[in-house]
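Subject: Structure handover

Hello,

Here is the structure for you to take over. Please look through it first; my notes follow below.

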Amino acid sequence: MILGIDTSLGSAVAVVEPDGVIRSQVESADPRGHAEVIGTLIERALAEASVSPSEITHVAAGMGPGPFTGLRVGIAAARAFALGRGVPVVPVASHDAVALELLIHDALTGGYEDADDETFAVVTDARRREFAYTLYRGIDDDGLPVRVTEPALTPRDDLDAVLTSAGAARRDADRIPAAMLALAAARALAAGRSIGSADALYLRSPDVTLPHAPKRVNS
């Protein structure tokens with residue numbers, strides 16, 4: 001049983017069985033109130049799934065890309081829960097969850113012809129007039145999205161030109177589906193693969209800077 005946690009955009013938590021059955025998925029769209037809601041969302045997800053914390057065997061952590069303050073809340077919550085339970089954390093790139101949801105939807109609905117051959121970009125708002133994007137093309141034999149490029153930042157006004165140059169369709173996302181995050185983790189575990197960085201994908205440095213040395217005063 002896998003608990004998925006992501007706070008790279010809003011806050012999202014889900015419980016998923018290893019075979020992909022979604023037991024619960026709860027979300028908050030607030031892009032800033034992560035610390036206030038994450039504990040409640042975890043409790044709700046477990047309650048709606050009718051499982052106890054002792055039944056969770058892995059925790060999938062969304063590693064971004066995302067803003068520094070929000071992203072670290074979800075990662076810290078995932079690590080704290082896993083530490084308390086004595087279970088592994090499975091890091092997953094947050095954009096992979098969006099890509100997996102899009103690819104599964106396309107496969108089920110036939111919404112795009114030759115979807116396996118289409119290069120598309122998962123795009124999320126990185127604030128400060130920048131977008132984060134990752135390029136994908138199809139799904140592999142393990143049922144995981146094929147990442148063509150690693151997550152990157154670009155100014156908002158430059159994004160369309162960047163994607164046109166790459167021949168990629170733009171697929172904007174305003175949420176990270178925690179159930180797909182957990183499903184990606186389950187498929188990676190089944191395949192014996194590591195699909196996420198152990199470090200958070202901030203893509204830009206935090207605002208906090210070291211203070212300057214105190215000025216010298218002549219006596």
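A word on labels first. Helices are DSSP runs of H or I with at least four residues, strands are runs of E with at least two, and both are numbered from the N terminus. Asp199, for instance, sits in the segment after H5. Please keep in mind throughout that this is a predicted model.

**Overall**

The chain holds five helices and ten strands. Its C-alpha trace spans about 75 × 50 × 30 Å along the principal axes. Does the radius of gyration agree or disagree with a compact globule? It agrees: the chain has 19 Å, and a compact globule of 219 residues would have a value near 17 Å.

Buried residues make up 47% of the 219. Take the contacts with a separation of 6 or more: 67% of them come from residues 24 or more positions apart. The exposed area of the chain is about 11200 Å², and 52% of it is supplied by carbon and sulfur atoms. On charge, there are 30 negative and 20 positive side chains. The centres of these two sets are 10 Å apart.

**The cores**

In soluble globular proteins, nonpolar side chains tend to be buried together. Here, the largest nonpolar core has 30 residues. Which of them touch the most other members? They are Val92, Phe120, Val122, Met180, Ala184 and Ile195. Two or more residues each come from strands S2 (11-16), S5 (89-92) and S6 (119-127), and from helices H3 (94-109) and H5 (178-191). H5 is the top contributor, with ten residues.

Phe120 deserves a look on screen. Leaving out residues up to four places away in sequence, Phe120 touches Ala99, Leu102, Leu103, Thr134, Leu135, Tyr136, Ala168, Ala169 and Arg171. Another core lies apart from the largest one. That second core has 25 residues, including Met1, Val13, Val51 and Ile56.

**Backbone points to check**

- Gly64 and Pro65 are joined by a cis peptide bond, with omega about 20°. Pro65 is in the loop between strand S4 (58-62) and helix H2 (68-85).
- Ser50 is not a glycine, yet its phi is positive, at about 60°. Its place is the loop between helix H1 (34-49) and S4. Ser50 has a relative accessible area of 58%, and the cut-off for exposed is over 50%, so Ser50 is exposed.
- Arg127 also has a positive phi without being a glycine, at about 65°. Unlike the loop residue above, Arg127 belongs to a strand, S6. Its relative accessible area is 27%, and it is partly exposed.

**Arg187 and Pro31**

Arg187 is part of helix H5. With 26% relative accessibility, Arg187 counts as partly exposed. Where does Asp142 lie relative to Arg187? The two are 45 residues apart along the chain, but their C-alpha atoms are separated by 6.5 Å. Asp142 is also one of the residues that Arg187 touches. The others on that list are Leu100, Ile104, Ile139, Gly143 and Leu144, with residues up to four places away in sequence not counted.

Pro31 is in the loop between strand S3 (22-28) and H1. It is partly exposed, at 40% relative accessible area. Leu9 is 22 residues from Pro31 in sequence, with 5.6 Å between their C-alpha atoms. Pro31 touches Leu9 and Arg127, again not counting residues up to four places away in sequence. That is the same Arg127 with the positive phi.

**Two pairs farther apart in space**

Thr109 lies in helix H3. Its relative accessible area is 48%; exposed requires over 50%, so Thr109 is partly exposed. From Thr109 to Val146 is 37 residues in sequence and 20 Å in space, C-alpha to C-alpha.

Back to Asp199. Is it buried or exposed? Asp199 is exposed, with a relative accessible area of 57%. Tyr136 is 63 residues from Asp199 along the chain, and 21 Å separates their C-alpha atoms. Tyr136 has come up already, as one of the residues Phe120 touches.

**Where to start**

Open the cis bond between Gly64 and Pro65. Then view the positive phi at Ser50 and at Arg127. After that, go to the largest core and H5.

Best regards

Definitions and conventions:
Residues are numbered from 1 along each chain as its sequence is written. This is a predicted model: local features need pLDDT of at least 70, side-chain atom pairs count only at pLDDT 80 or more; totals for chains, interfaces and linings use all residues. Side-chain values use heavy atoms; hydrogens and water are left out. The radius of gyration is taken over C-alpha atoms; the globule rule is 2.2 Å times the number of residues to the power 0.38. Buried means under 20% relative accessible area, exposed over 50%, partly exposed in between (1.4 Å probe, protein chains only). Contact means heavy atoms within 4.5 Å. Accessible areas come from the Shrake-Rupley method with a 1.4 Å probe; for residues, only the protein chains shown count as cover. Lys and Arg count as positive and Asp and Glu as negative; His and the chain ends are not counted. The place of a charge is taken as NZ of Lys, CZ of Arg, CG of Asp or CD of Glu. A nonpolar core is a set of buried Ala, Val, Leu, Ile, Met, Phe, Trp, Tyr and Cys residues joined through side-chain atoms within 4.5 Å.
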